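Q: Hi! Could you walk me through this structure, a bit at a time?
A: Happy to, let's have a look together.

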Amino acid sequence: MPDTQSRFRRRLMLYYGLFTLGLFGFVGMMGLLEHSNADALWLGYVFLFVTIAIYACIGLICRTSDLNEYYVAGRRVPAMFNGMAIAADWMSAASFIGLAGIIFASGYEGLAYVMGWTGGYCLVAFLLAPYLRKYGGYTIPDFLAARYGNGKPGGNLPVRAIAVLAASLCSFVYLVAQIQGVGLIVTRFIGVEFAVGVFFGLAGILVCSFLGGMRAVTWTQVAQYIMLIVAFLLAVSLIAWKHHQQVVPQVGYGGLLQRIDAEEKRLDRDPAEQQVRALFRQQAIDLQDRIARLPASFNEERQVLDARLIELRARNAPLREIKAVERERQAFPADAADALQQWSQQRVEALARSQPATPSTEPYPAASEQERKTRRLNFVLLVFCLMVGTASLPHILTRLYTTPSVKETRNSVAWAVFCIALLYVSAPTLAALVKVEFFQHLVGTPYAELPQWVVQWRKVDPPVFGIRDVNGDGIVQWAEILIQPDMIVLAAPEIAGLPYVISGLVAAGALAAALSTADGLLLTIANALSHDVYYHMIDRQASHQRRVTTAKVVLLGVALFASYVTSLRPGNILFLVGAAFSLAASSFFPVLVLAIFWRRTTAAGAVAGMATGLAVAVYYIFVNYPFFTRMTGIFGDRWFGVDPIASGAFGVPAGFAAAILVSLVTPRNAPVIDRLVNYLRKG
């Protein structure tokens, strides 16, 4: 057996070594073709379609109908490769696209994601990984149902049911974020509409997971990790070399921060910048006046727009002017309640743009001490939610079942931390490099001489980049630039003036990051519904073949529904991911920890803990996040000023409290549970 595993590991090293060499050769060949052909836009098509074709081939080669292979890859994935697969499963569109962007936009506060996500793996390695692998099973609801089942065949069904609901919900929210990232990538680099890009991404996800389940997903994710890490590290190194003559810019990160700090202080004193910020302050005042006069202001402005449109049509004005007013009328609020929501959001944005540039090196910048305390609290709570969320995400914990032994599981988590760290130490560096490029080559540029990349990124829908001459001086000011963090990584090669082949490679890396995580999430939902619901709750006599077929049908249905939800554009990628972490932490962290370390926890306590934690987190997001408040008109007060992305800060304590209190007032577990806990904690 050891010899077989050793040969298997050597064969994998050979295959993926050849894949890596082939990737570098392919990039070099595309670079030579770009150099000989002035039109390089076709490179985006080539990179995206070729990489998806490679993943499809791996998925086809790894197709299986074996239950053990489909659910847990046969439990034979070596530690290093499982670590790479975990890293790919983990480094989603939020990590690849969003992390550098949020650090670019928020400076110091963006490091909450680095600290939280990295720290979470320490919890996984020391708190949960060995025990979950020692138990075995196929899904997290499987483990919880057995732990709280008092020896019943199939475990405790209420525990299994609430666990499936929680796993499906948090995984679905995370899945929507990944498909949204795919839509953004495809929209920019292929030029199709966002909704079309979403369903294009759906096809890429399905080819990796539909035929082979966890077996196909695992070996596809290893290839996707190589793709995404090569793309990210190569882009960072080339930008740094071209503009700063540094091969390893991560070492010189401090120098970049000093340059950014000097530029931000200069902008604070610039009269033109101050003028633009004053105009945004006035815009916020005007919006506040319109809000105060509702509903009269809504009716007045709607009538003015209607009158303008009628007048333009009556005098047969140019079609361009008519279309512009029609778009303005279409975007106008539907009613007074919608106007309140829209104008309040616009006022918040205007106030934000009226403030000085966020200092990249100053923690918790704020106008008042109370606001500073609130931002500090949100930073700490976000780190907490990301840490415990990492230790609770079902699609990550399920990967712990795929290794040959408990020792390999521990080692795979260590490899995962190393693989993730390669990107996480580079993301702040990329954010700093791009910000320096903005300050040096865009701010202060005449609008008549804007670089070509600005023109391309202004066309992307949904909008991720905007620039407008607010004060009419014909010169770009920092406050006149509106940037969505999601675009920073994808646009970085173009902003830095690198060959378009690097943009294509980065797009392929971002696509790999989104697809790899989406594959794992989709499989987690499908397996929970097919194994825990269909097999354990509906048909205990189902054959292995029927169970695998059911998983594939469910997988297809969930993928289609997720794509539809994504087309509604429910929020930015980073918020959706953060919300998924809070939901997972609130649902699973208390009951998983108590399941292993407190044998007195009962099935009723587990149900109460999961239900309470999940309900608190969902409620807090529902009444505080704009996407839901716009639909329902229900507005809540933020408790202690905590952002909805950190709803787990309330859900986790509520889950612990409910689980402990209910366990103390309900009958003790059967002796079989004590034996199970002793087995898990032994050795």
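**A chat about the structure**

A: Let's begin with Gln245, which is exposed because its relative accessible area is 54%. Keep in mind that this is a predicted model.

Q: Okay, and where does Gln245 lie?
A: Gln245 sits in the loop between helix H10 (213-244) and H11. Its phi is positive, about 55°, although Gln245 is not a glycine.

Q: What about Phe640, is that buried or exposed?
A: Phe640 counts as exposed, because its relative accessibility is 69%. You'll find Phe640 in the loop between helix H26 (626-632) and helix H27 (648-664). Phe640 is not a glycine, yet it has a positive phi of about 60°.

Q: Let me zoom out. How many helices and strands are in the protein chain?
A: The protein chain has 28 helices and two strands.

Q: And what share of the residues is buried?
A: Of the 683 residues in the protein chain, 56% are buried.

Q: What can you tell me about contacts between residues at least 6 apart in sequence?
A: In the protein chain, 81% of those contacts join residues at least 24 apart.

Q: Can you show me a residue with a partner from elsewhere in the sequence?
A: Try Leu400 and Ile86: they are 314 residues apart in sequence, and their C-alpha atoms are 8.9 Å apart in space.

Q: Where is the place of Leu400?
A: Leu400 is in the loop between helix H17 (394-397) and helix H18 (406-424). Leu400 counts as buried because its relative accessibility is 1%.

Q: Which residues is Leu400 in contact with, leaving aside neighbours within four places in sequence?
A: Those are Val124, Ala129, Leu132, Arg133, Thr409 and Val413.

Q: Got another loop residue for me?
A: Sure: Thr445 is in the loop between helix H19 (427-441) and helix H20 (452-458). At 13% relative accessibility, Thr445 counts as buried, because the cut-off is under 20%.

Q: What does the side chain of Thr445 reach?
A: The Thr445 side chain reaches the backbone oxygen of His441 at 3.2 Å. It also reaches the backbone oxygen of Leu442, at 3.0 Å.

Q: And which residues does Thr445 contact beyond its neighbours within four places in sequence?
A: Thr445 is in contact with Leu450, Gly474, Ile475 and Val476. Between Thr445 and Val476, the C-alpha distance is 5.5 Å, while they are 31 residues apart in sequence.

Q: Now Arg600. Is that buried or exposed?
A: Arg600 counts as buried, because its relative accessibility is 14%. Arg600 lies in the loop between helix H24 (573-597) and helix H25 (603-624). Its side chain reaches the backbone oxygen of Ser663 at 2.8 Å. Not counting residues up to four places away in sequence, Arg600 touches Ser663, Leu664, Thr666, Pro667, Arg668 and Asn669.

Q: Let's switch to helices. How do people describe two packed ones?
A: Two packed helices are described by the angle between their axes and the distance between the axes.

Q: So what are those values for H11 and H12?
A: Helix H11 (residues 253-269) and helix H12 (residues 271-292) pack at about 70°, and their axes are 5 Å apart. H11 is therefore roughly perpendicular to H12. Leu267, Asp268 and Arg269 of H11 make the contact with Pro271, Glu273, Gln274 and Arg277 of H12. Those contact residues divide into two nonpolar, one polar and four charged.

Q: And H5 with H22, what are the angle and the axis distance there?
A: For helix H5 (residues 93-106) and helix H22 (residues 500-538), the angle is about 130° and the axes are 7 Å apart. H5 is therefore oblique to H22. On H5 the contact involves Ala93, Phe96 and Ile97, and on H22 Val506, Gly509, Ala510, Ala513 and Ala514. This time there are seven nonpolar residues, one polar and no charged.

Q: How many residues of H21 are buried?
A: Eight of the eight residues in helix H21 (residues 488-495) are buried. Among them are Ile488, Pro493 and Glu494. H21 is followed by Gly497, which has a positive phi near 75°.

Q: One last thing: which residues does a cis peptide bond join?
A: A cis peptide bond joins Leu294 and Pro295, with omega about 5°. Pro295 is in the loop between H12 and helix H13 (296-314).

Notes: Residues are numbered from 1 along each chain as its sequence is written. This is a predicted model: local features need pLDDT of at least 70, side-chain atom pairs count only at pLDDT 80 or more; totals for chains, interfaces and linings use all residues. Side-chain values use heavy atoms; hydrogens and water are left out. Helices (H or I, at least four residues) and strands (E, at least two) are DSSP runs, numbered from the N terminus. Buried means under 20% relative accessible area, exposed over 50%, partly exposed in between (1.4 Å probe, protein chains only). A polar contact is a pair of N or O atoms within 3.5 Å; within protein, one must be able to donate a hydrogen and the other to accept it, and residues adjacent in sequence count only if both atoms are side-chain atoms. Contact means heavy atoms within 4.5 Å. Axes are lines fitted to C-alpha atoms, for helices over the stretch in contact, and angles run from 0 to 180 degrees between N-to-C directions. Angles under 35 degrees count as roughly parallel, over 145 as roughly antiparallel, 65 to 115 as roughly perpendicular and the rest as oblique. Ala, Val, Leu, Ile, Met, Phe, Trp, Tyr, Cys and Pro count as nonpolar, Asp, Glu, Lys and Arg as charged, and the others, Gly among them, as polar.
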